[in-house]
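Here is a friendly walk through one model, taken a question at a time. Have a look at it first, and then we can begin.

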Amino acid sequence: MSQALQSLLDLLDLERIEQDIFRGQSRSAVVPRVFGGQVAAQALVAAGRTVPEDRLAHSLHAYFLRAGDPGAPIVYSVDRIRDGRSFTTRRVVAVQHGQPIFHLSASFQVYEEGMEHQAEMPPAPDPETLPTAAELLPLYADVISDPVVVERLLEARESVDLRYVDAPPYGTVGEVREPRSQVWFRTNGKLADDPLLHVVLATYVSDMTLLDSILLAHGRGGWVTGDVVGASLDHAMWFHRPFRADEWLLYDQESPSASGGRGLGQARIYTQDGRLAISVIQEGVVRVPR
């Protein structure tokens, strides 16, 4: 396992303060606040640690309330809303400096057999044929003028190998494209067999690129070029089938709408052999600086 991946796993491994209260650390992201995927993943860890092992996460619904301070710890308080025969529900509030910054509801289910169907996986090239972040980012050095942004992007990609099928938004600034984006991702190293860990890692990555398709529709480069400002507002995920976050997953994303200073991204995540593993929806603030 790479040191970068171990550092990420350490970041997501919370300290238990009391039975249902946990504390997590933070680190700086591409933008000067706590990365939303980190908070969502840590909150899911907190919820999952209060649930029996035979109950697997099948959905989460979350709201980002305030920007997180990367220089301060985050306290996660878990409410045991329901423990039924098949389903368990948890509510988690993340607090910094005495104020809630994030709210999550998560549901867990005992595995059972049921009806089966799914949307077909869209076509996509083999991920091994696509450039890595280390190969891709230098091509756009003239667009991403802040070297700190490049450094933090590369740091994030040391733990998660994320490869764009087509050029990222910052690669085609000024060119209006179809509001659709695909990336392949997996962790840079093998993970333990704990199902919650794989769900948590997918939750972490899910916030990295979901709003890209909004930017493509307007020819904007995004947060890394500074031609838009924005933040995640809410986030929902449904976990349909088992998967491993250390094996290639296709993140197929699109934006059906943007209006009122907000944009909506929706996506499906498939395993490399075509199984629909996860559905994701997120709305975010997307504004053009004045």
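Q: Is Ala4 buried or exposed?
A: A reminder before we start: this is a predicted model. Ala4 is found in helix α1. Buried means under 20% relative accessible area. The relative accessibility of Ala4 is 17%, so Ala4 counts as buried.

Q: Which residues does Ala4 contact, leaving aside its neighbours within four places in sequence?
A: A good place to look is the part of the chain around Val160, which is 156 residues away from Ala4 in sequence, with 8.7 Å between the two C-alpha atoms. With neighbours within four places in sequence left aside, the contacts of Ala4 are Glu158 and Ser159.

Q: Which residues of helix α4 are buried?
A: Helix α4 covers residues 147–159. Its buried residues pack against several elements, including α1 (3–12) and α5 (195–209). Ser159, a contact of Ala4, belongs to this buried set. In full, the buried residues are Val149, Val150, Leu153, Ala156, Arg157 and Ser159.

Q: Which elements do the buried residues of α4 pack against?
A: Both helices and strands take part here. The helices are α1 (3–12), α3 (133–136) and α5 (195–209). The strands are β7 (160–164) and β8 (180–187).

Q: How are α1 and α5 oriented to each other: parallel, antiparallel or perpendicular?
A: Two packed helices are described by the angle between their axes and the distance between the axes. For α1 and α5, the axes come within 12 Å and cross at roughly 100 degrees. Angles of 65 to 115 degrees count as roughly perpendicular. The two helices α1 and α5 are therefore roughly perpendicular.

Q: How many nonpolar residues does the contact of α1 with α5 have?
A: On the α1 side, the contact is made by Leu8, Leu9 and Leu12. On the α5 side, it is made by Leu197, Val200, Leu201 and Tyr204. There are no polar and no charged residues in this contact, and the nonpolar residues number seven.

Q: How far apart in space are Leu197 and Leu9, C-alpha to C-alpha?
A: Leu197 lies in helix α5. With neighbours within four places in sequence left aside, its contacts are Leu9, Leu191 and Ala192. Leu197 and Leu9 are 188 residues apart in sequence, while their C-alpha atoms are separated by 9.0 Å.

Q: How many of the residues of α2 are buried?
A: Helix α2 has 13 residues and reaches 18 Å from its first C-alpha to its last, close to the 18 Å expected. The helix is largely enclosed by the rest of the structure, because the number of its residues that are buried is 13 of the 13.

Q: How are α2 and α5 oriented to each other: parallel or antiparallel?
A: The axes of α2 and α5 lie 7 Å apart, and the helices pack at an angle of about 160 degrees. Their crossing is right-handed. Angles over 145 degrees count as roughly antiparallel. The pair α2 and α5 is therefore roughly antiparallel.

Q: Which residues of α5 make the contact with α2?
A: From α2, the contributors are Gly36, Gly37, Gln38, Ala40, Ala41, Leu44, Val45 and Gly48. The residues of this contact divide into eight nonpolar, five polar and one charged. From α5, the contributors are Leu196, Val199, Val200, Thr203, Tyr204 and Asp207.

Q: Which residues does Ser206 touch, not counting residues up to four places away in sequence?
A: Ser206 lies in helix α5. Its relative accessibility is 0%, so Ser206 counts as buried. Not counting residues up to four places away in sequence, Ser206 touches His235, Met237 and Tyr251.

Q: What is the relative accessible area of Ala57?
A: Ala57 is found in strand β3 (residues 55–64). Leaving aside neighbours within four places in sequence, its contacts are Ser107, Phe108, Val199 and Phe239. Ala57 is buried, and its relative accessible area is 11%.

Q: Is His97 buried or exposed?
A: His97 sits in the loop between β5 (87–96) and β6 (99–110). Although His97 is not a glycine, it has a positive phi of about 50 degrees. Its relative accessibility is 62%, so His97 counts as exposed.

Terms used
Residues numbered from 1 in each chain as written. Predicted model: local features only at pLDDT ≥ 70, side-chain atom pairs only at ≥ 80, totals over all residues. Heavy atoms only, no water. Buried < 20%, exposed > 50% of the residue type's maximum accessible area, 1.4 Å probe, protein only. Helix = DSSP H or I, 4+ residues; strand = E, 2+ residues; numbered from the N terminus. Contact = heavy atoms within 4.5 Å. Axes fitted to C-alpha atoms, helices over the stretch in contact; angles between N-to-C directions. Parallel < 35°, antiparallel > 145°, perpendicular 65-115°, else oblique. Left-handed = near helix turned anticlockwise from the far one by under 90°. Nonpolar A, V, L, I, M, F, W, Y, C, P; charged D, E, K, R; others polar. Expected span 1.5 Å × (residues − 1).
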